[in-house]
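Open the model in your viewer and keep the selection panel at hand. We will go from stop to stop, selecting as we go.

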Amino acid sequence: MVRNFQKPGRSCVLSKNGMVASSHPVSSTVGLDILKRGGNAVDAALAMALVLPLCEPQSTGYFGDVFCIISQFNDSKFIGLNGSGKSPNKANSEILKSNGFKKIPETDLSTITLPGAMKAFESLHKKYSLLDLEELCQPAIHYAKTGVVVSPRVALDWQISLNNLKGTSQKFYTKSGKAYQIGDVFLAPQQAYVLEKFAKYGAKGFYEGEVANDLISSLNKLGGVHTFDDLKNVSCEYVDPIMIDFEKHSLVELPPNGQGVTAFLIKKMFDRLNICNIDPSSAERIHLEAEVVKIAYNIRNRYIGDPNFYDFELKHFSSDEFIEKYLSQINFNKANNEINTTWENHHKDTVYLTVIDKNRQMVSLIFSIFNSFGSGYASEKFGLLFHNRGAGFTLESGHPNELVGNKRPLHTIIPAFLKKKDDFIMPFGVMGGQYQANGHARLVSNIIDYGMDIQTAIDFPRSFPENGSLKLEEGYSDTVASELENKGHKILRPNQPIGGSQAIIYDLKKDILIGGSDPRKDGCALGY
């Protein structure tokens, strides 16, 4: 369906040879250049990811975590990589509980788990890249030294999150104590040095030596229990993605410690409720989606954690009996406000990117430091922001996600693929913290249930139940809001859009690529 060109909006991007999509134009340009120079999709994804901490420092950083799914169309396999770090060996929930905490404080030093991203990037390069690591690091080194012009969405996030910055980080991420504004140039020459070490020595240049000394000594001065052995022992893990079939379609996610299974739950409940027969813009759809999401997220919060510490069975969570048990709780005309919607640690900042190259290697990659500017703390010498991904843990004794040493926390960030046999394959992701599982299910529903093209599906207004309210973007009318209030929802019009998204479709019949990028961010899809 052709969009109305007399109204504001974006067209899908179409190309033949290769395509990239990210939340920042500099990253997308870097990725496209790598493809044109003969790099494959992994090469482009790595170069794009490495430049994003300079483009969107509030959303990601080198002391962060990454998850990735790779597909090579010719062999029909999906390969998953879990690049999330673990808690320090000395981490202990009892310490926090003895100090009176009922939940993990978002910016406490106990939330700073070890960073998995750079180890994962090295592994991806060794296994799948065509170009030298030094060549892939050069764009990020260049922008660290010469600067990135601050774009509108980044400036907005910077202003809103300015107070998250503490101590040393204020020196590296403010202009005399003030947020960077649209058009300012953000430079990070000290991070160029870190990237040069990584380019030359790989992960050892980050997890050992001068950079490691800066990280651990800075954390210890702040009161962290992190050690050089903790950092040196960081590893990434290749995992088998999990897949659920929906008639002719399949949704591919990563297993826990991510929340991909939550997206499965939501979509299966959508199907049982026949959402496809409901007007996609109606209060009825928003209401049913909200009720499903509340149930699915509460299931997630009870059962999901690091699978190395408990037995996870996908069949149990996706069984008809399990789904039916919870569907019976849904009232078609009334909101259930007894269900807890206080999703702890409601962060919103992440970067997602996707690439498909001329040989149809495909990458779906997500990279984050959790909260805006992570923990708010940075290393003293190189100004690397410490993420606070450990805020995803719980203090509940015996819980699958309880904070203990050498454990990965529940992660909100999830890359994905959607495929339809003999029709298309689509790597995609949705940014926005807790929203992501909801966002996956909604984007898939927009495409499968309502036949929207990729850009329309991304643009479509969003809603999300959180903290006792139903967030409703301005794309929904006051009439719809009023109908939802009559069903018992407390409507909140958020001051920022809900999440962001990127996606690329490989059309198997036409052998072309179709990309979409979320206008809620500054990024774009580019092809050649």
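Select Leu470 and Ile491: this is a predicted model, and in it Ile491 of strand 16 is the bridge partner of Leu470. Now show strand 15 (residues 469–472) with strand 16; the two run parallel and are joined by 2 bridges. Add strand 14 to complete an open sheet of 3 strands, ordered 14-15-16, with mixed pairing. Strand 14 (463–466) and strand 16 (491–492) are the edge strands, each pairing on one side only. Next, colour helix 13 (residues 283–303). This helix packs on the sheet and touches strand 14 and strand 15. Its direction makes about 45° with that of strand 14.

**The sheet of 7 strands**

Move to the other sheet. Its 7 strands form an open sheet in the order 7-4-3-11-10-2-19, with antiparallel pairing. Which strands stand at the edges? Select strand 7 (237–239) and strand 19 (524–527): each has a single partner strand, so one side of each lacks a neighbour in the sheet. On average, neighbouring strands here are turned by 15° against each other, direction ignored.

Two helices to add:

- Helix 1 (residues 25–36) packs on the sheet and touches strand 2 (19–22), strand 10 (351–356) and strand 19; its direction makes about 160° with that of strand 2.
- Helix 4 (residues 117–128) also packs on the sheet, touching strand 3, strand 4, strand 7 and strand 11; its direction makes about 20° with that of strand 3.

Zoom in on strand 3 (residues 65–72) and strand 4 (residues 77–83). They run antiparallel, joined by 7 bridges. Val66 has Gly83 as its bridge partner in strand 4.

**Strand 11**

Select strand 11 on its own. Is this strand largely enclosed or open? Of its 8 residues, 8 are buried, so strand 11 is largely enclosed by the rest of the structure. Show the side chains. Gln361, Val363, Leu365 and Phe367 point one way; Met362, Ser364, Ile366 and Ser368 point the other way.

Now its partners. Strand 3 pairs with strand 11 in the antiparallel sense over 8 bridges; Ser71 stands opposite Met362. Strand 10 also pairs with strand 11 in the antiparallel sense, over 6 bridges. There, Thr354 has Ser364 as its bridge partner. Strand 10 and strand 11 form a hairpin with 4 residues between them. Stop at Arg360 in the turn: its phi is positive, about 70°.

**The cores**

Select Phe121, Trp158 and Leu365. These have the most contacts inside the largest nonpolar core, which has 82 residues. Helix 2 (residues 41–55) supplies the largest share of this core, 13 residues. Apart from it lies another core of 69 residues, including Ile295, Leu410, Leu418 and Leu484.

Return to Trp158. Beyond its neighbours within four places in sequence, Trp158 is in contact with Pro57, Val150, Leu165, Tyr173, Ala179, Tyr180, Phe186 and Phe373.

**Rings**

Keep the aromatic ones in view. Ring pairs link Trp158, Tyr173, Tyr180, Phe186 and Phe373 into a cluster. The count of aromatic pairs comes to 14. Look at Tyr173 and Phe373: their ring centres are 6.1 Å apart and their planes stand at 55°, so the pair is tilted. Tyr173 lies in helix 7 (residues 168–173), and Phe373 in the loop between strand 11 (361–368) and strand 12 (415–420), 200 residues apart. Both Tyr173 and Phe373 are buried.

Finish with two charges over rings. The charged end of Lys267 sits over the ring of Phe246, 4.9 Å from its centre. Lys407 lies over the face of Phe309, at 4.9 Å from the ring centre.

How values were computed: Residues are numbered from 1 along each chain as its sequence is written. This is a predicted model: local features need pLDDT of at least 70, side-chain atom pairs count only at pLDDT 80 or more; totals for chains, interfaces and linings use all residues. Side-chain values use heavy atoms; hydrogens and water are left out. A nonpolar core is a set of buried Ala, Val, Leu, Ile, Met, Phe, Trp, Tyr and Cys residues joined through side-chain atoms within 4.5 Å. Buried means under 20% relative accessible area, exposed over 50%, partly exposed in between (1.4 Å probe, protein chains only). Contact means heavy atoms within 4.5 Å. Rings of Phe, Tyr and Trp (its six-membered ring) pair if their centres lie within 6.5 Å; planes under 30 degrees apart count as stacked, over 60 as edge-to-face and the rest as tilted. A charge sits over a ring if NZ of Lys or CZ of Arg is within 6 Å of the ring centre and within 35 degrees of the ring normal. Two strands pair if DSSP finds at least two bridges between them. Axes are lines fitted to C-alpha atoms, for helices over the stretch in contact, and angles run from 0 to 180 degrees between N-to-C directions.
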